[in-house]
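Please open the structure in the viewer and keep the selection panel at hand. The tour below proceeds from one selection to the next.

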Amino acid sequence: MKAADLFDVSGHVAFVTGAASGLGLAMAEVMADNGAHVVMADINPDTLEHHAERLSDAGRSVEGVVLDVADLDALRAAIDNAAESRGRLDAAFANAGISAGPGYLTEAGRIDSVDPARWDEVVQVNLTSVFATVQAAARHMKRRKSGRIVVTSSIAGLKSEHLVGYAYAATKAGVVNLVRQAAMELAPHNVTVNAIAPGPFFTNIAGGRLNDPEAARAFAEMVPMGRIADTTELQGLALLLASPAGSFITGTAIPIDGGCTAG
Ligand SMILES: NC(=O)c1ccc[n+]([C@@H]2O[C@H](COP(=O)([O-])OP(=O)(O)OC[C@H]3O[C@@H](n4cnc5c(N)ncnc54)[C@H](O)[C@@H]3O)[C@@H](O)[C@H]2O)c1
């Protein structure tokens, strides 16, 4: 089979959370570039409108939906609407996520400093909303006996990581087993569920912390390849998991990390 056919998602409908920046934007773009209609969901109306318009002007089929994934009713309604308005939902990317602040090497990141309100907020966005996305998408996909769910975890969900906060580490590990659990139930329905576990990528997470040269150096030092990745470097894996090429991959958490988890 030709590579172009393996990765062709023409006519597919994809739903992406956190689609107005960073990794989610890269996922939305690669799906739209390869033929899918993409529903881009994000809490930030300005960046969402900017990128949705930019992609539409470039001839891509996209629409923006402003929502806070922590509002589970709004999230479910947006997924239902995406599936029902086009009669199908082929791929769902549960990608929106937030930082929990610094890791335990700083005073603010130590176990005694964890703020309960921030803990709850991170759990709601990084774990509970991911579950709600998987649940809502699966309902539509089971009906059509076809679907791809991709969750953005982190290398901090696969191993301890001193540069991230407790709630981040816990939620990113939580979604990995959520993915395995859902993958088992949904496998007979031909719905695949996988996690992507990125190492450091240049995005706007944590207020664009990686754009600060000192923080960037600290992150780059932990990467065997010695650098932070560009968001376009995630697009191949995202498209693989959501296209015909990935039809037999399920229940996995795939690191994309310049070697971080291997060492
Ligand atoms: N950048 C990295 O190095 C890295 C590494 C591992 C995992 N991740 C994960 O990748 C995912 C995307 O993060 P990113 O790095 O692209 O960050 P980013 O801040 O550039 O993008 C995140 C997007 O999600 C949106 N968002 C945040 N909270 C939301 C909410 N409550 N409802 C809806 N949208 C919301 C933001 O407005 C933003 O557009 C996250 O789950 C993050 O934990 C990032």
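Which residues line the second largest pocket? Before selecting them, please note that the model is predicted. The lining consists of Phe131, Val134, Gln135, Ala138, Arg139, Lys142, Leu178, Gln181, Ala182, Glu185 and Leu186. Colour helix 5 (116-144) and helix 6, the elements that each give two or more residues to this lining. Helix 5 contributes the largest share, 6 residues. By class, the lining of the second largest pocket comprises 6 nonpolar, 2 polar and 3 charged residues. The space in this pocket amounts to about 200 Å³.

**The largest pocket**

Next, turn to the largest pocket, whose volume is about 970 Å³. Its lining is made up of 46 residues, and those that lie nearest the centre of the pocket are Gly97, Ile98, Thr203, Ile205 and Ala206. Select helix 2, strand 2 (37-42), helix 6 and helix 7 (205-208); each of these supplies at least two residues of the lining. Classified by residue type, this lining has 22 nonpolar, 19 polar and 5 charged residues.

**The ligand and its shell**

Now display the ligand, which sits in the largest pocket. Helix 2 (22-33) and helix 6 (166-186) are the elements that give two or more residues to the shell around the ligand. How many residues surround the ligand, and which are the closest? The shell numbers 28 residues, and the closest are Ser21, Asp42, Asn95, Tyr168 and Thr203. By class, 13 residues of the shell are nonpolar, 12 are polar and 3 are charged. Thr203 merits a second selection: this residue is among the closest to the ligand and also among those nearest the centre of the largest pocket.

**Polar contacts of the ligand**

Finally, show the side chains of Ser21 and Asp68, together with the backbone of Val69. At Ser21, an N or O atom of the side chain is 2.6 Å from an oxygen atom of the ligand. At Asp68, a side-chain N or O atom is 2.8 Å from a nitrogen atom of the ligand. At Val69, the partner is a polar backbone atom, which is 2.9 Å from a nitrogen atom of the ligand. To close the tour, switch to a surface view: taken alone, the ligand exposes 820 Å², and the protein buries 91% of that area.

Conventions:
Residues numbered from 1 in each chain as written. Predicted model: local features only at pLDDT ≥ 70, side-chain atom pairs only at ≥ 80, totals over all residues. Heavy atoms only, no water. Near = heavy atom within 4 Å. Polar contact = N/O pair within 3.5 Å; in protein donor to acceptor, adjacent residues only side chain to side chain. Areas by Shrake-Rupley, 256 points an atom, 1.4 Å probe, with all protein chains shown as cover. 1 Å grid on protein atoms, 1.4 Å probe; cavity = no way out; pocket = protein on both sides within 12 Å on 5 of 7 lines; lining within 4 Å. Sits in = over half its atoms within 2 Å of the grid points. Helix = DSSP H or I, 4+ residues; strand = E, 2+ residues; numbered from the N terminus. Nonpolar A, V, L, I, M, F, W, Y, C, P; charged D, E, K, R; others polar. Points joined across faces, edges and corners; volume = space filled by probe spheres on them.
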